[in-house]
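Q: Got a minute to go through this one with me? Let's start with the surface.

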Amino acid sequence: MSDTPRSSLNILVLHGPNLNLLGLREPNIYGAVTLDEINHLLEKEGQELGCALVALQSNHEGVLVDAIHGARGQHQGILINAGAYTHTSIALRDALAAVALPVVEVHLSNIYQREAFRHHSFIAPVAVGQISGFGAESYRLGLQALVYTLRKLASTN
Ligand code: DQA
């Protein structure tokens, strides 16, 4: 059984449109936590799990597509909250499929309890799994799930 050194994991964290406004934006749905606080929480969790993180937020689909392409050879997995692009973007889905890295999809809100247009995710079929509805905790749980998946893959290769 080969063992990947704990430090060798580097995860790309992608935040999609409008998530830069967390804390101000519809706090009844998304909570009071800011994006900086979420990134800080992830940084701390990454240290606990022994992995490095690079986080990027963009309101532009093409920037997110480019970041996904750039993950090849740099990152072992992608944690993504694609925001509204979750429900619209075939381009993001295709980019994730193209790079073929393990992906975990997260949402602060429970998208299945909300409007019908949020019930479909273009990301879900190319993700290992999805965590939705736990507020900022969705990100921590998502990172744990991604690292678990990557370590399991490494131990079976
Ligand atoms: C979201 C859910 C999406 O439907 C919405 O467009 C967002 C945030 C969430 O984290 O709950 O921007 O991804």
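Q: What area does the protein chain expose, and what share do carbon and sulfur atoms supply?
A: This is a predicted model. The protein chain exposes about 7,800 Å². Carbon and sulfur atoms supply 54% of that.

Q: And what percentage of the residues is buried?
A: Buried residues come to 45% of the 157 in the protein chain.

Q: How far apart are the mean positions of the positive and negative charges?
A: They are 5 Å apart. The protein chain has 10 positive and 13 negative charges.

Q: Switching to the fold. How many helices and strands are there?
A: Five helices and five strands.

Q: In what order do the elements run?
A: From the N terminus, the order is β-α-α-β-α-β-α-β-β-α.

Q: What does the radius of gyration say, against a compact globule?
A: The protein chain has 15 Å. A compact globule of 157 residues would be near 15 Å, so the two agree. Along the principal axes, the C-alpha trace spans about 45 × 30 × 25 Å.

Q: What share of the contacts joins residues at least 24 apart in sequence?
A: 78%, counting contacts between residues at least 6 apart.

Q: Now the inside. Which residues of the largest nonpolar core touch the most other members?
A: I11, I38, L42, C51, L79, Y139 and L143. That core has 25 residues.

Q: Which elements each supply at least two residues of this core?
A: Two strands and two helices do: β1 (10–15), β4 (103–107), α2 (35–49) and α5 (137–156).

Q: Stay on Y139. What does Y139 touch, leaving out residues up to four places away in sequence?
A: Y139 touches H15, L19, I38, L42, L79, N81, V106 and L108.

Q: What lies apart from the largest core?
A: Another core, of 19 residues. I68, A71, I78 and A127 are among its members.

Q: Backbone next. What is the phi of N18?
A: Near 75 degrees, a positive value, and N18 is not a glycine. Most residues other than glycine have a negative phi.

Q: Where is N18, and how exposed?
A: N18 sits in the loop between β1 and α1 (27–30). Its relative accessibility is 36%, so N18 counts as partly exposed.

Q: What about E26: what is its phi, and where does it lie?
A: E26 is not a glycine and has a positive phi of about 30 degrees. E26 lies in the loop between β1 and α1.

Q: Why is E26 called partly exposed?
A: Because its relative accessible area is 39%. Partly exposed falls between the 20% cut-off for buried and the 50% cut-off for exposed.

Conventions: Residues numbered from 1 in each chain as written. Predicted model: local features only at pLDDT ≥ 70, side-chain atom pairs only at ≥ 80, totals over all residues. Heavy atoms only, no water. Core = buried A, V, L, I, M, F, W, Y, C linked by side-chain atoms within 4.5 Å. Buried < 20%, exposed > 50% of the residue type's maximum accessible area, 1.4 Å probe, protein only. Helix = DSSP H or I, 4+ residues; strand = E, 2+ residues; numbered from the N terminus. Contact = heavy atoms within 4.5 Å. Rg over C-alpha atoms; globule rule 2.2 N^0.38 Å. Areas by Shrake-Rupley, 256 points an atom, 1.4 Å probe, with all protein chains shown as cover. Lys, Arg positive; Asp, Glu negative; His and termini not counted. Charge placed at Lys NZ, Arg CZ, Asp CG, Glu CD.
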